[in-house]
Amino acid sequence: MDRIRLDKYLCDLGIAPRSECRRIIRSGRVRVGGETVAAPETKIDPRASDVTLDGERLVWAEHHYYMMNKPAGVLTATEDLRQKTVLDLLPEELRRMGLFPVGRLDRDTRGLLLLTDDGEFAHRVISPKFAVEKMYDASVEGTPDETDAAAFAEGLVLRDGTKCRPARLELLGEGRCLVTVTEGKYHQVKRMLAARGKPVTALKRLSIGALRLPEELPEGAVTALGEEDLCRVFMVR
C-alpha cells in the first residue's frame with residue numbers, strides 16, 4: 001500500500017476530523033516507531049508503521065465493516081435534508097470513516113444492515129450474481145400456506161411483470177413467515193407477499209448469508225465485524 005500522510009492516517013481511523021488530527025500531531029501526542037512526530041504531512045506506511053496516540057497503539061485497517069440493528073422510521077441513505085438516515089445514528093467517530101449502507105432496507109423495515117467503506121465487498125453482497133441469501137421475518141395479513149411456499153420456490157412473476165428468482169418461504173403459523181431471497185429488487189419481499197394476497201404489516205431482516213442479527217444488539221446500535229463474521233456473509237445458513 002502507498003505511504004499516506006499521518007494526519008490522514010488518524011482521520012481514517014475515526015480519531016477526529018482532519019483539522020483536529022493536525023492539531024493532535026503538532027501537540028506531540030503521536031509517536032511513530034517510538035519517536036514523537038509533530039509534522040502532520042509526515043508520510044508513513046499504514047500497514048507497517050508502529051503508531052501510538054497518547055501511548056496507545058493504533059491498529060490500521062484499510063476497510064471497516066459494521067452491523068447495525070436498523071430501527072423503523074429511518075432512511076437507508078448516507079444523507080437526507082428532511083429525514084433521519086442510518087448514518088445519523090452512528091457515533092461521531094464512525095461518521096468520519098466514509099461508511100455507507102450495503103443495499104437498502106425500506107424506511108419502515110427493521111433489522112440487520114451492513115455498513116462499510118469497501119465497495120467491492122458491498123457489490124458482492126448486493127449483486128444477484130453472488131446469490132447471497134437475505135432472510136426476513138414477515139408479519140402479514142392472512143396466513144401463508146404451502147401453495148404460497150410452492151409459488152415462491154417456483155419463482156414469482158409480480159403484477160408488473162417483474163420476474164423474481166426462486167425464493168424460500170417458511171411457514172410460522174397465523175400471520176407470520178420467513179422469506180429468504182437472493183436478490184434485492186425494489187420492495188421485493190413486500191411485493192412478493194402482496195402478489196400472493198398476503199400484504200406485509202411488518203418486516204425485519206434477520207440474516208445475510210449465515211450472519212445473523214444478535215438478539216442482544218439494541219435497535220439503532222452498531223457492532224464491528226471481524227473476519228469470521230465477514231466469511232459468514234457468504235455462507236449458506
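## Starting from Tyr-65

Let's begin with one residue and the company it keeps. Setting aside neighbours up to four places away in sequence, Tyr-65 makes contact with Leu-115, Thr-116, Asp-118, Phe-121, Thr-223, Ala-224, Leu-225 and Leu-230. Keep in mind as you look at it that this is a predicted model.

Tyr-65 belongs to strand β7, which covers residues 65-70. Is Tyr-65 buried or exposed? Its relative accessibility is 17%, and the cut-off for buried is under 20%, so Tyr-65 counts as buried. You can also compare Tyr-65 with a residue further along the chain: Val-86 is 21 residues away in sequence, and the two C-alpha atoms are separated by 15 Å.

## The whole protein

Now step back and look at the full picture. The secondary structure of the protein consists of seven helices and 15 strands. Along the principal axes, its C-alpha atoms fill a box of roughly 70 × 35 × 35 Å.

How much of the protein is buried? Of its 237 residues, 45% are buried. The surface that the protein exposes comes to about 12,500 Å², and carbon and sulfur atoms supply 47% of that area. Contacts tell you about the fold too: taking those between residues at least 6 apart in sequence, 64% join residues at least 24 apart. As for charge, the protein has 38 positive and 38 negative charges, and their mean positions lie 3 Å apart.

## The largest pocket

Next, try to find the largest pocket, which holds about 500 Å³ of space. Its lining is made of 26 residues, and those nearest the centre are Arg-104, Leu-105, Tyr-136, Gly-184 and Lys-185.

Which helices and strands each supply at least two residues of this lining? Two helices do so, α4 (119-126) and α6 (188-195), along with two strands, β10 (134-140) and β13 (200-208).

## Two residues with positive phi

Here is a backbone detail worth checking. Most residues other than glycine have a negative phi. Asp-54 is not a glycine, yet its phi is positive, at about 55°. You will find Asp-54 in the loop between β5 (51-53) and β6 (56-57).

His-187 also has a positive phi without being a glycine, with a value near 50°. This residue sits in the loop that runs between β12 (176-181) and α6. The relative accessible area of His-187 is 27%, so it is classed as partly exposed.

## Two more loop residues

Gln-83 is in the loop between β7 and α3 (92-95). With a relative accessible area of 33%, Gln-83 is partly exposed. Not counting residues up to four places away in sequence, it touches Leu-75, Asp-88 and Arg-107. How far apart in space are Gln-83 and Ala-38? Their C-alpha atoms are 41 Å apart, and the two residues are 45 residues apart in sequence.

Pro-166 lies in the loop between α5 (146-154) and β11 (168-171). The cut-off for exposed is over 50%, so Pro-166, at 52% relative accessibility, counts as exposed. Leaving out neighbours within four places in sequence, Pro-166 is in contact with Phe-152, Ala-153, Glu-154 and Gly-155. Finally, pick out Pro-166 and Thr-42 in the structure: they are 124 residues apart along the chain, and 54 Å separates their C-alpha atoms.

Conventions:
Residues are numbered from 1 along each chain as its sequence is written. This is a predicted model: local features need pLDDT of at least 70, side-chain atom pairs count only at pLDDT 80 or more; totals for chains, interfaces and linings use all residues. Side-chain values use heavy atoms; hydrogens and water are left out. Helices (H or I, at least four residues) and strands (E, at least two) are DSSP runs, numbered from the N terminus. Buried means under 20% relative accessible area, exposed over 50%, partly exposed in between (1.4 Å probe, protein chains only). Contact means heavy atoms within 4.5 Å. Accessible areas come from the Shrake-Rupley method with a 1.4 Å probe; for residues, only the protein chains shown count as cover. Lys and Arg count as positive and Asp and Glu as negative; His and the chain ends are not counted. The place of a charge is taken as NZ of Lys, CZ of Arg, CG of Asp or CD of Glu. On a 1 Å grid over the protein atoms alone, a cavity is a set of points where a 1.4 Å probe fits but cannot get out, and a pocket is an open set with protein on both sides within 12 Å along at least five of seven lines; lining residues have an atom within 4 Å of a point. Grid points are joined across faces, edges and corners, and a volume is the space filled by probe spheres set on the points.
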